[in-house]
Amino acid sequence: MIRQDSYKIIEDKQVVYSKQLQEQKKSEGTITALRAITFIAGFCLVAIGITEDNYLWALGAVLLICFVGLIRQHNKLDAKLSKLSARKNICDRLLASFRDEWNQIEDDGSEFLQQENYFAKDVDMLGFNSLYQKINLAHTPKGRRRLADLFLLREEDIKCREERQ
């Protein structure tokens, strides 16, 4: 029962994040178009105003200031899109895990697997169908590396553990 409830909650969140992503991408397209228009118009008006010695350069300068504001707005929107995408990705991974499709997730940690680490290969800690692939929700390179390091048994880690015992 808990598993079904959790699945439904995550699935609902995934739908919400997908809709928000679509809306934000539309907004991004609009801002991109406005940026292009304000830059071109502003540049042209400044050039015409300066060459013909009239006040059109002031209107062009205002448009170029608007262009800078649109750049800032676009950067904020990019940050929001990145967060929404990461949240949707987490939902996708969790739902794949609930459906026992976790081994279809591309990130299996195999790039962290070293030839000399036979233990991690043998017990499927890293690589295809591995524990790493099943539980990994990390999105940053540092987070992925940290999780992989937990599964890799290195000599210095073993010595450190032996010293603590």
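F98 is a good place to start: this residue is partly exposed, with a relative accessible area of 22%. F98 teams up with Y7 in an aromatic pair of the edge-to-face kind, 5.9 Å centre to centre and with 90° between the planes. Y7 belongs to helix α1 and F98 to helix α2, so the pair ties together parts that are 91 residues apart in sequence. Keep in mind that this is a predicted model.

**The overall build**

- The protein's secondary structure comes to six helices and zero strands.
- Reading from the N terminus, the elements go α-α-α-α-α-α.
- Of the 165 residues in the protein, buried ones make up 27%.
- Take the contacts with a separation of 6 or more: 62% of them are between residues 24 or more positions apart.
- About 11600 Å² of the protein is exposed, and carbon and sulfur atoms supply 59% of that area.

**More on the aromatic rings**

- How many aromatic pairs does the structure hold? There are three, and the Y7–F98 pair is one of them.
- F39 and F43 also form a pair, this one stacked, at 6.1 Å centre to centre with 20° between the planes.
- F39 and F43 sit four residues apart in helix α1, so about one helical turn separates them.
- F39 is partly exposed, with a relative accessible area of 39%, whereas F43 is exposed, at 53%.
- F67 joins F39 and F43 in one aromatic cluster.

**Salt bridges**

- As general background, side chains of opposite charge can pair when their charged atoms come close.
- How many salt bridges turn up in a search of the whole structure? The search finds two.
- One links K8 with D12, and their closest N and O atoms are 3.1 Å apart.
- Both K8 and D12 lie in helix α1, which covers residues 2–51, and they are four residues apart, about one turn of the helix.
- K8 counts as partly exposed because its relative accessibility is 45%, and D12 is partly exposed too, with a relative accessible area of 36%.
- The other salt bridge joins D92 to K88, with 3.0 Å between the closest N and O atoms.
- D92 and K88 are both in helix α2, again four residues apart, or about one turn of the helix.
- D92 is partly exposed, with a relative accessible area of 25%, and K88 counts as partly exposed at 22% relative accessibility.

**Nonpolar cores inside**

- In soluble globular proteins, nonpolar side chains tend to be buried together.
- Which residues make up the largest nonpolar core here? There are eight: F112, M125, L126, Y132, L147, A148, F151 and L152.
- Helix α5, residues 141–151, gives the most to this core, with three residues.
- Apart from that core lies another one, made of seven residues, including I10, Y17, L21 and C91.
- Leaving aside residues up to four places away in sequence, F112 touches L126, Y132, R144, R145, A148 and L152.

**A nonpolar patch on the surface**

- Some nonpolar residues show up on the outside: I48, L56, L59 and V62 form a surface patch with about 300 Å² of accessible area together.
- Which helix supplies the largest share of the nonpolar patch? That would be helix α2, residues 56–98, with three residues.
- V62 lies in helix α2, and with 46% relative accessibility this residue counts as partly exposed.

**An unusual backbone angle**

- Most residues other than glycine have a negative phi.
- D53 goes the other way: its phi is near 55°, a positive value in a residue other than glycine.
- Where is D53 found? Look in the loop between α1 and α2.
- Is D53 buried or exposed? D53 counts as exposed because its relative accessibility is 71%, and the cut-off for exposed is over 50%.

How values were computed
Residues numbered from 1 in each chain as written. Predicted model: local features only at pLDDT ≥ 70, side-chain atom pairs only at ≥ 80, totals over all residues. Heavy atoms only, no water. Patch = residues over 30% accessible without salt bridge, like charges linked within 9 Å, V, L, I, M, F, W, Y side chains within 5 Å. Areas by Shrake-Rupley, 256 points an atom, 1.4 Å probe, with all protein chains shown as cover. Salt bridge = Lys/Arg side-chain N within 4 Å of Asp/Glu carboxyl O. Helix = DSSP H or I, 4+ residues; strand = E, 2+ residues; numbered from the N terminus. Buried < 20%, exposed > 50% of the residue type's maximum accessible area, 1.4 Å probe, protein only. Contact = heavy atoms within 4.5 Å. Core = buried A, V, L, I, M, F, W, Y, C linked by side-chain atoms within 4.5 Å. Phe/Tyr/Trp six-rings, centres within 6.5 Å; stacked < 30°, edge-to-face > 60°.
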